[in-house]
Amino acid sequence: MISHGAEGARVVLCRDCLVESPGGDSSRCALCGSPRLVAYPHGNALTIAHIDCDAFYASIEKRDNPTLWDRPLIVGGGRRGVVSTCCYVARTFGVRSAMPMFQALKLCPEAVVIGPDMAKYVRVGRQIRSLMQDLTPLVEPISIDEAFLDLTGCEGVHGAGAPLTLARLARKIESEIGLTVSIGLSDCKFLAKLASDLDKPRGYTIVERVQAMALLAPMPVSRIWGVGKVAQTRLNNAGLRLIGDIQALDETTMFARHGAEGGRLWRLARGIDKRRVTPERETKSISSETTFDVDTADKEHLTRTLLVMCERVAARLKKQQLACKSVTLKLRTADFKLRTRARSGFEPTQLATRLFLVARSLLEKELDGARFRLLGVSTADFAAAEGADQGDLVDKDIGRERAREDAIDSLREKFGASAVVRGLAFKATTPKRP
Amino acid sequence: MKVTLERTALLKALGHVHRIVERRNTIPILSNVLIEARERQLTLKATDLDLEATESAPADVAQEGSTTVPAHVLYEIVRKLPEGAQVSLEMSGEVGQLLLRSGRARFHLQCLPASDFPDLTTGDLSHRFALSSGDLRKLIDNTQFAISTEETRYYLNGIFLHVTEVDGAAMLRAVATDGHRLARVELPAPQGAAGMPGVIVPRKAVNEIQKLIEDLAQEIVIELSTAKARFRFGDVVLTTKLIDGTFPDYGRVIPANNDKRLVVDKEPFAKAVDRVSTISSERGRAIKLSIGDGKMVLSVNNPDSGSASEEIEVDYDSAPIEIGFNARYLLDIAGQLSSDTALLKLSDPGSPTIIQDRDGAAALFVLMPLRV
């Protein structure tokens, strides 16, 4: 709890019995004795929340298989794999997400490793999102398991202020879906996101405006949104190690030394963030990529993978009713050099075969014997699906191609993604000889 | 090498040749022009590895030899020299520089060895025929606008030139399409063209040929085989690689059963299209033609900027039809018709339309409709 020292009448909310009462000094709820209290000023004005699921993938797996409950669990996969999520038990061993699997297993040899079941996680993520959307239309998903909510003006509808509404939501997610979330509540996105991270798991942190400066000051600059490794090094070299160091400068100096980005950092360092919670972002690109288990220079293997990815991208284009006018091929060589090759200027399309034709012609020029560890295809420059793939004077077969793809799509819808495999993408397993 | 020649002669030759040279090159020597002094002539040659141009100019050769210098720099220097000046070119000893002198101006240009200059002109070309510049210009002008720029369908990035039999007579045909429109023009096959392979002449070569025809009105000798073609305009020789691909069977694209015939005066029609399309946004530029008994209403409705319509008289007596086209494409085609009266053969709002001169001239255009 960080909400001490603010003047004025305060309210204490018990997250277990969901009752708000006038603030006392007690560290436990007067009704149920629970220590899970949050306090905020009477007439709370904070309405921007960030909700983040705790160890999302791992928690889902534990929920579905209770025998794993008290064991360290890592979700991630493949020989080249990294840890996508690890449970809090595994974290006590020092395992972190994005850590290479071999390193994670060295730290925690007894960990259970489960390959990710993305379809399931997406399904659960949607359930949680729809619970959020019941509260406010202003839900901005950041990823599958976290989102911003703007609860401004929703008090009347819920008969409660934002703090209680969010506590109810957390309870509902626990009881209906069986997962825990951490909540951050403040008056802007940056502080809300920061807050949700302060008290994980199953946390609830409210950051009031008056606390913002003091709270941020001792944190490293890397906690600021958008400051990654490179920016951190740059700031550190400029003598800015803590957010407080930035606070100590004036805006003009930051601007003069670090440009427009400096101005942004200066504002964020003071917890000033004017970005709105916007429910829908315009899709700018749709892509698919994969890292191979073993680096490969094999044309057939690369081509086959490319086709599968083009089909995946095409399926998403169709789902979002978009047609693309540019395709980018992405390759990472064994020595981590990135090659991207793009082509645009063709008629808008959402057909896998069209994407594949373009992507393959780009790929073929890159097959110079180099071994690749990653292959990806990305589409952009979108147009409405209506009017796409109508064919023209030269292209008379597109109608049939379209019908064929529609048929494949509906079969896959009904019988699963592997129901139909294109010949080129099909890898026959050698029949065993008697 | 030591040679002297008139600035005018050098400028003319360089002017034709230097255009081939790309502004940006990863291979340094491709930025250069090859100059070769031999037997009272200075020969210039430039290439981008797909296209090569050579031209000779009369010169006073004191010492034979050859070298290469940056093409655009040389061209700019010669262009800026005063009219009527004499230019002398001389290799200046060991340092590998060309000394250019004219009047009291002196330039030292960095050279690359002539032996490194790539050569396209190899092998014999199987077919050879001649065309008047007027005929070649017609073949190109009528089709060039329809060439596609889409890289994916690289085989559409040029003009398809081939010989085919029409009503018992051999015709030389040029065809180009970008999928939205198709242009076809034909003329009686000249002597020597019979049996030639169908070839796709790339866009860049087409553009150069077009510029050279502007400059030099004379008979053009064309030699070609499956992989390369050479166009001789007197002193200027253009050699190009051909696009290695199969041009689509355009015959099945040209509708045979369009029975709605519309005859319209070309000039008023084109003017009306141009006027009405002013209101349409830059992208799309769809114009709607509502064609009924004896009249056509051209209209554009642009939600952003307003609407426009204009009525013109036409000769039409089939069932009324409403059809949309890209205004730009209609104007392109109207600009290529040679007579004053256009004939449109329509089928339905979703099918291609044929546009040609009413009196059945050599050129025929097919245009895909737009949905409006």
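1. The second largest cavity of this predicted model is lined by residues of chain A: A:Cys53, A:Phe56, A:Gly125, A:Ile128, A:Arg129, A:Met132, A:Ser143, A:Ile144, A:Asp145, A:Glu146 and A:Ala147. Two elements of chain A, helix H4 (118-135) and strand S9 (146-150), each give two or more residues to this lining. H4(A) gives the most, with four residues.

2. The volume of the second largest cavity is about 60 Å³. Its lining is mixed in character, with six nonpolar, two polar and three charged residues. A:Arg129, A:Asp145 and A:Glu146 are the charged ones.

3. The largest cavity has a volume of about 80 Å³. Its lining comes from chain B and consists of B:Leu136, B:Leu139, B:Ile140, B:Ile159, B:Leu161, B:Ala174, B:Val201, B:Val206, B:Ile209 and B:Phe231. In chain B, helix H3 (133-144), strand S11 (158-166) and helix H4 (203-215) are the elements that supply two or more of these residues. With three residues, H3(B) gives the most to the lining of the largest cavity.

4. What is the division of the lining of the largest cavity into nonpolar, polar and charged residues? There are 10 nonpolar residues, no polar and no charged. For the second largest cavity, the lining does include polar and charged residues, two and three respectively.

5. On the overall count, the structure holds four cavities of 30 Å³ or more. The two described above are the largest, at about 80 Å³, and the second largest, at about 60 Å³.

Technical notes: Residues numbered from 1 in each chain as written. Chains lettered and ligands numbered in written order. Predicted model: local features only at pLDDT ≥ 70, side-chain atom pairs only at ≥ 80, totals over all residues. Heavy atoms only, no water. 1 Å grid on protein atoms, 1.4 Å probe; cavity = no way out; pocket = protein on both sides within 12 Å on 5 of 7 lines; lining within 4 Å. Points joined across faces, edges and corners; volume = space filled by probe spheres on them.
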